[in-house]
Amino acid sequence: MDIPEIDVEAAARLHEAGAALFMDVRDGASFAAAHVPGACHVDDRTIARFLADTDPARKVVVYCYHGNASRGGTAYLLQHGFKDVASMSGGFEGWRGRYPHE
């Protein structure tokens, strides 16, 4: 499966425009410490609710620490009917390096 990816700058433009939902797949403590503003935290316990409550036509940007685990999360969403989803290459560390005050 070809996993769609988006770089941090393109993701930031979507974020600024309010054009995508950001899904954080890191552990809960990391999410609590810092995350993309407005992102939702999704893990094994909450994925079913996310799938049930989220319109599969909505654009979703999935991120993790460095952009590896988010590829699996992106594939999972694609397999569950989401059409416009991408993994943020560089992950939250890439985001924080570019936008340290958010």
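**Exercise 1. Which residue in E5 does Val-60 stand opposite?**

Let's start small, and keep in mind that this is a predicted model.

Step 1. Find Val-60 in strand E4, which covers residues 60–63.
Step 2. Look across to E5, where Val-60 stands opposite Val-85.
Step 3. Move along by a residue: the bridge partner of Val-61 in E5 is Ala-86.
Step 4. Put the two strands together: E4 and E5 run parallel and are joined by 3 bridges.
Step 5. Now trace how the chain gets from E4 to E5. It passes through H4, and this β-α-β crossover is right-handed.

**Exercise 2. Work out the order of the strands in the sheet.**

Step 1. Take stock of the elements: the chain has 5 helices and 5 strands. Read along the sequence, they follow the pattern β-α-β-α-β-α-β-α-β-α.
Step 2. Collect the pairings, one by one. E1 pairs with E5 in the parallel sense over 2 bridges, and Glu-5 stands opposite Ser-87 there. E2 and E4 are also a parallel pair, with 4 bridges, and here Phe-22 stands opposite Val-61.
Step 3. Add the E4 and E5 pair from the exercise above, with its 3 bridges.
Step 4. Write the full order: E1-E5-E4-E2-E3, an open sheet with parallel pairing. The edges are strand E1 (5–6) and strand E3 (40–41), each of which pairs on one side only.

A handy reminder: strands of a sheet pair through backbone hydrogen bonds, either parallel or antiparallel.

**Exercise 3. Decide whether the two faces of E4 and E5 are covered or open.**

Step 1. Recall the general rule that side chains in a regular strand alternate between the two faces of the sheet.
Step 2. Sort E4 by side. Val-60 and Val-62 sit on one side, with Val-61 and Tyr-63 on the other, and all are buried. Both faces of E4 are therefore covered.
Step 3. Do the sorting again for E5. Val-85 and Ser-87 point one way, Ala-86 and Met-88 point the other way, and all of them are buried.

**Exercise 4. Explain why Ser-70 counts as buried, and describe its surroundings.**

Step 1. Place the residue: Ser-70 is part of helix H4, residues 69–79.
Step 2. Check its exposure. The cut-off for buried is under 20% relative accessible area. Ser-70 has 0% relative accessibility, so it counts as buried.
Step 3. List its contacts, skipping neighbours within four places in sequence. They are Val-25, Val-62, Tyr-63, Cys-64, Ser-87 and Met-88.
Step 4. Widen the view to the helix. Besides Ser-70, the buried residues of H4 are Gly-73, Thr-74, Ala-75 and Leu-77. Their cover includes strand E2 (21–24), helix H3 (47–53), and strands E4 and E5.
Step 5. Set the helix against the sheet: H4 lies across E1, E2, E4 and E5, and runs at about 175 degrees to E5.
Step 6. Look just past the end of H4, where Gly-81 takes a positive phi of about 95 degrees.

**Exercise 5. Find out why the buried residues of H5 line one face of the helix.**

Step 1. Pick out the buried residues of H5 (residues 91–98): Gly-91, Phe-92 and Trp-95.
Step 2. Look down the helix axis. These buried residues fall within an arc of 125 degrees, so they line one face of H5.
Step 3. Bring in the geometry. An α-helix has 3.6 residues a turn, so residues three or four places apart point the same way.
Step 4. Ask what lies over them. The cover includes helix H1 (8–17), E2, E4 and E5.
Step 5. Hop over to helix H1 for one more case. Ala-10 is found there, and Ala-10 is buried, with a relative accessible area of 17%. Its C-alpha atom is 19 Å from that of Val-25, a residue 15 places away along the chain.

**Exercise 6. Check whether the chain's radius of gyration agrees with or departs from that of a compact globule.**

Step 1. For 102 residues, a compact globule would have a radius of gyration near 13 Å.
Step 2. Compare: the chain has 12 Å, which agrees.
Step 3. Add the overall span: the C-alpha trace covers about 35 × 25 × 25 Å along its principal axes.
Step 4. Count the buried share, which is 40% of the 102 residues.
Step 5. Finish with the contacts between residues at least 6 apart in sequence: 70% of them join residues at least 24 apart.

Technical notes
Residues numbered from 1 in each chain as written. Predicted model: local features only at pLDDT ≥ 70, side-chain atom pairs only at ≥ 80, totals over all residues. Heavy atoms only, no water. Buried < 20%, exposed > 50% of the residue type's maximum accessible area, 1.4 Å probe, protein only. Contact = heavy atoms within 4.5 Å. Pairing = 2+ DSSP bridges. Axes fitted to C-alpha atoms, helices over the stretch in contact; angles between N-to-C directions. Arc of directions from axis to C-beta. Right-handed = clockwise from strand over helix to strand, strands pointing away. Rg over C-alpha atoms; globule rule 2.2 N^0.38 Å.
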